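User: Hi! Could you walk me through this two-chain model with some questions and answers?

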Amino acid sequence: MESLSRISSILETARDLTLEAAQAASASGRIIRKDGKQGTSTQTKKLLNSRMDKEVLDGLRRVIGMMSRGIDCSEFFADVVKNVASPTLEIKKLVYIYLLRYAESEPDLALLSINTIQRALNDQNQLVRAMAIRVMSGIRVPVISQIVALGIKRCVTDMSAYVRKSAALAIPKCYRLDPTTLPQLTEYLGTLLGDRSFYVVGAAVMAHLEVCPNKWGLVHPHYRSLVKMLIDMDEWGQLALLRLLTEYSRRHFPARKAKKKVKGGDAGGSGAFYSDEEVEGDDAKEVEVVTVIDPDLELLLKACVPLAQSRNSAVIVAVARVYRHLAPPDRLPTVAGPLVSLLRAAVDVQHMVLVNIVSIALEHPQPFTQFATHFLVRASDPAHIWRLKLEALTLIFPHTNTHTKNLILSELEYFAKGYDKELVKEAVRAIGRCAQSQTKNAARCLRLLLRQVESSDGTLVAESLTVIRHIIQQDPKNHAKTVARLAKALDTATNPSARASIVWLVGEFAGINDGNNVAADTLRILAKNFHSESEQAKLQIVLLAAKVYAHYLNRTQPAVPTEETLDDEDKHPISLLFSYILLLARYDLSYDLRDRARLYKSILSVPSSTQLATLLLLAPKPTPQAPSPSSGRDSFTLGSAAMVVGKDGDVRGYDALPEWITPSRAPSPSLREPPPSTTSGADTSRGGGAMAMSAAAAVRSAGVRSASPRIGSPHMGSPKVGSPALPPTTKANGVPESLEDFLASDDSEEEEEEDSEEEDEDEDEEDSEEEESEEEEERGESAGLLRAK
Amino acid sequence: MSAVEALYVFDSFPPATTPILQHEWRSRPATTAASLHSLYKAQPSPRSSLIYLPTTSPPTLLFNIIHNNLLFLSPTTSEIEPLLVLEFLHRVVDVLEDYLGSPLLGSKIEANYDIVAQLLNEMCDDGFPFTTEPNALRDVVLPPSLMGKLLGSVTGLPSTSIPSSFTPSPTQTLSTIPWRRSNVRHTNNELYVDLIELITATIAPSGRFLSARSNGTIAFNCKLSGVPDLLMTLQTPTSHKQKLGAPPTGGLGFPVFHPCVRLSRWREHPGELSFVPPDGKFVLASYEIDLLPSGNSKSAIQPQLPVSVELKTGIGSLSSEFEARVLISTAFLAPTINTLSANPFGSRSSRSPAFGGSSNNPAVEEVSITFPLPPAVKTLTSTRCSRGEFHHDGRKVTWKIPTTGAFSGTATFRTGVVVKSYGGDDSDEEEEEPVDNGEYQDVQTPKTTKANGGNDEEKARREKKAKRKMEMAMPRCALVAFSVKGWLASGVKVDNLKVVGGKGLGEGVKPYKGVKYLTKAGDIEVRC
């Protein structure tokens, strides 16, 4: 989706922007002057030590301003931290921001503030609690790791989802601080992954990816609920979860293939469609290999479908990654459309999306064929965009209908005639790739290319010839006429390197049809104007002469050479031509040319070395391959930075997706059964069919989420560390038996619908503060308005 | 591992090497902002939005976007989904504009460092995107006070002093709806919808459309109290419904939605958008519509655009001129407008004059034609146009056609091209010459004279060469720009928009609703 700023810039006229910018420019001078005046550190310190909140705030604003500009502010540490206990929220916030940045450099002083922050964990305001846990985990002083861990423990069971989310993100920070806290942290993580609020779960997944990505045991019991929550999470949570589940699926859902007998006639439709990829050999019509998708994986695939309508392009690409790497190829069309539609976004997004499209199309071009017009290059496209677009066009080329083929070819031809040299080169190469990918079209592409040879543009000619050479070398037998046409182009071609390369080509195919070809004739014509050729071309002409002569010798020499035959040879035009060219070359200005002429002369003059000359001159050349420029990218995981950077780069932290696990090593699907029997039964029966939660269920769970760890909630207003007031159920949250009770109780509440919820709220009201209860009530009611997807 | 590590903002006007804003979410990165900036500058323009810097230690992935005059750089040292970072950066820009006022300028950031720091701190925690919804942020971070905002927008001077009467905390409560802040109160309940379509088209020399698409966006400005529940019905012309290969989405191709939209409703009743809107400005949905009825049939009716261009190159005695004829016609817009101007909201008859665009006949505005020029062009001579003015700047010439009143008719633009000489006064340009250079001609001349002896043939050749040279100096396409208010190329329109539920909006309060339509030429390329 277009960003709001882009849309508003469309709506506003450009004049407003420039006017305001001009005003700002004139104003900026004033601001800087003012900054200079107020910049003295003593003044700032004085402000920070003031008793007036307003002055302190002003001082803090100055410090934050300097910090943001990159000026070192560590001198104010003591003065700033002094204010950490301020009751004013705004001051607190700014002090925290400062602490996050500078605590590392002054660990001892920072420790003084810990006590105050710890106290803030008990604040009535959820914002303050969340801020406290964030700043506590964020100040990188290793000594306090245990305090942080305790703080996280308390916040994990906080009644505010916002605080729990902050706690989830504090886990990786705590882990970095002190890796030995890992066992505690994973326990908290397990609790958070099972949270009822999708708000929290997203953050928990991020933490899981960061701290212990290989502890799959934590994910198993929550797999199904995670998949169900996917749709309701915020975009960033969706991204994290899709990343986690992609790897999870590879590791836990074995790729089971089942062979299915298909009646001969039936296979015609679907079998032929994917015949290249899946079916091999003659028995294709009888046996079709069908990938059996694990029902749990199917759940994920289905849950992803609505995400393809996300406004966040990263989510759409993540969905594409799921389909590319987890689903059978015939389901790719689901994501092809949404991916292509991202091309309407900003250029930066376009680039990333094109990289991903091309990497899919390298293997599966089919789903993109109907979007050919989306890949038309526009005049405003920068180089990295049109390169990818041309590649996409060539990849889908063999699979499209004639109409689209015409469109693509004329498009390529149009760009081949442009004035942007790079684009011309790339377009001609693209034509070549089109020709190679499908021999049926080769003739047409060749015609197109030959037309370019006569152009006056050197780049175009040179590039076309290279491509033509590749095409001819792949199938020399059928291209005798092409060589003749090329030789004819020598009359008009003017570019030196183009001429040289034509001459080389003619020489390369001088042996076709037992010498019954244009090579000798070409040589004769070229000999006329030998002196006016460029050195480059001259070298090739001499080489051509040598080749033609070598072929001639090979044809005539099987008989033992005698003195008489040599006399005859002198009369043959080819040998005459050869010696004429050598003579010309001998008196040329170029050393190189003279040397080469001498070499060819001596090597071909003695019959005994003819064989050697043949090896030297007429060795068969390997057929060059012109792979798609992005080939190799498809081995990377879709949507990764490593894929964009490509082969040249080595992106730190990139791990390829694991291979599918073998069926024998796959864990039992029963692991994924959620421990409580009552809910799981209901869930699976619903989950198999319904894509996500039904509308009512979503609303209900949203209503429940704010109060989900309600067992401890009445006390959460002012809990103490390790408070004995916490009921035992909270402590044993990870243990299935108690969790069962916990969930079962929740579930029954759900069934009783609003009545019981209100009751619960009443309970809450008794213990917690007025504000809190108001909040609860509002949640219960407003949640009814929540959308259900 | 994968985290957004830092954000650096550079002002490119005036260009500076020190950032005007730096914010680090993780511990101090190894590569400084200044060196990242110089490495960024070292890349040839146009730059990719993801630059891989293998020379830094550790190797850095540098993400960058440019907004107005501001350059946003965000380095990452380990694998991360590129689009995650880019989307996040766009979100940061949106939020900053929301808080500091549009357009976002360096000076505004400088004047509100405290707010910006709070926002960035809240939007990303430890490198993970945290709260990015503008409404949710409003609950957490105080906006610059109303007074300061007013000052900022009137004089362009953002407030440099804090509001004297700032409240201790915005709200103790957080909204349960992630995208809508709690306790919304408005004295005037208003609802504005903007439907904006950008036309992207490529037109072949023959005049046939190779591709024509309309990319639509539905932008909202919602000022409703409480928690309203809205239902918007879109009407799409039926001709697009049976599009080949398109999913049945009621004519809108590949829509994407703001998270507030209930997707199940859309799935069951395509064209109906049911949602609880965020407060303030937001983008509700975007879609694309193929204006070519179907990819294959050549006989199909071609889409009509209000501005059409006919480009002729290589004309004149020396074939060194090109001419463009522009036809502006609003005639065919009229039928569409009749349905549009009918007030879709019968409740209110008096329309604000600001919405005049849809009540009058749509007029074509801001018409301009841009010709990208090849590097071989030295300058333009004897340029004339029947209307408007032109501006030649480097590698392109832009011709602006004023359309005061309801102008429709034709206008012509004609110019001669002077090709760069190869004498070598500007040698750096010479290597870029796509045309043959003089050196070659020296070789060619003796050859032809010797071979043919005749002068005529040589002359013909030279003429041909000159012609070719001219061909290489001709523009290959024209880019058309225009905007039409009150008309949508795709024919989509808002059929209905009503408050169907929710709470907080008093009984009998009828919010004022306004709809605007705007079509702009996003990228229309006429080839020749």
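User: Glad to have it on screen. What share of the residues of chain A count as buried?

Analyst: Happy to help, and first a word on the conventions. This is a predicted model, in which local features need pLDDT of at least 70 and side-chain atom pairs count only at pLDDT 80 or more, while totals for chains, interfaces and linings use all residues. Residues are numbered from 1 along each chain as its sequence is written, chains are lettered from A and ligands numbered from 1 in the order in which they are written, and side-chain values use heavy atoms, with hydrogens and water left out. Taking buried as under 20% relative accessible area, exposed as over 50% and partly exposed as in between (1.4 Å probe, protein chains only), the share for the 789 residues of chain A is 58%.

User: How many helices and strands are there in chain A?

Analyst: Helices here are DSSP runs of H or I with at least four residues, and strands are runs of E with at least two, numbered from the N terminus. On that basis, chain A has 40 helices and 2 strands.

User: And what does the secondary structure of chain B come to?

Analyst: Chain B has 528 residues, and 57% of them are buried. Contact means heavy atoms within 4.5 Å; among the contacts in chain B with a separation of 6 or more, 70% are between residues 24 or more positions apart. The secondary structure of chain B comes to 12 helices and 23 strands.

User: What is the area buried between chain A and chain B?

Analyst: The size of an interface is often given as the accessible area lost when the parts come together. Here that loss is taken with a 1.4 Å probe and summed over both parts. The contact takes 137 residues from chain A and 155 residues from chain B. Carbon and sulfur atoms give 56% of the buried area, which is about 13,000 Å².

User: Which residues in chain A lose the most area to chain B?

Analyst: Three residues stand at the head of that list, and together they make up 7% of what the chain A side buries. They are A:Trp236, A:Arg344 and A:Tyr419.

User: How many salt bridges does the rule find across the interface of chain A and chain B?

Analyst: The rule asks for a side-chain nitrogen of Lys or Arg within 4 Å of a carboxyl oxygen of Asp or Glu. B:Arg26 and A:Glu210 form a salt bridge, with their closest N and O atoms 3.3 Å apart. Across the interface of chain A and chain B, the number found is 13.

User: Which helix gives the most to the side of chain A that touches chain B?

Analyst: Between the two chains, 37 residue pairs are in polar contact, both at pLDDT 80 or more. A polar contact is a pair of N or O atoms within 3.5 Å; within protein, one must be able to donate a hydrogen and the other to accept it, and residues adjacent in sequence count only if both atoms are side-chain atoms. With 9 residues, the helix that gives the most to the chain A side is α2 (residues 14–38).

User: Where is A:Arg652, and which residue's backbone oxygen lies 3.2 Å from a polar atom of its side chain?

Analyst: A:Arg652 sits in the loop between α34 (641–645) and α35 (677–689) of chain A, and is partly exposed with a relative accessible area of 44%. Leaving aside neighbours within four places in sequence, A:Arg652 is in contact with B:Pro58, B:Thr77, B:Ser78 and B:Glu79. The backbone oxygen at 3.2 Å from a polar atom of the A:Arg652 side chain belongs to B:Thr77.

User: B:Pro58 caught my eye. What is the omega of the peptide bond that joins B:Ser57 and B:Pro58?

Analyst: Most residues other than glycine have a negative phi, and most peptide bonds are trans. B:Pro58 is in the loop between β3 and β4 (60–67) of chain B. Another cis bond runs from B:Ser45 to B:Pro46, with omega near -5°. The bond joining B:Ser57 and B:Pro58 is cis, and its omega is about -5°.

User: What is the phi of B:Glu366?

Analyst: B:Glu366 lies in strand β16 (residues 364–372) of chain B and counts as partly exposed, at 47% relative accessibility. Its phi is positive in a residue other than glycine, near 50°.

Definitions and conventions: Buried area = accessible area lost by both parts, 1.4 Å probe.
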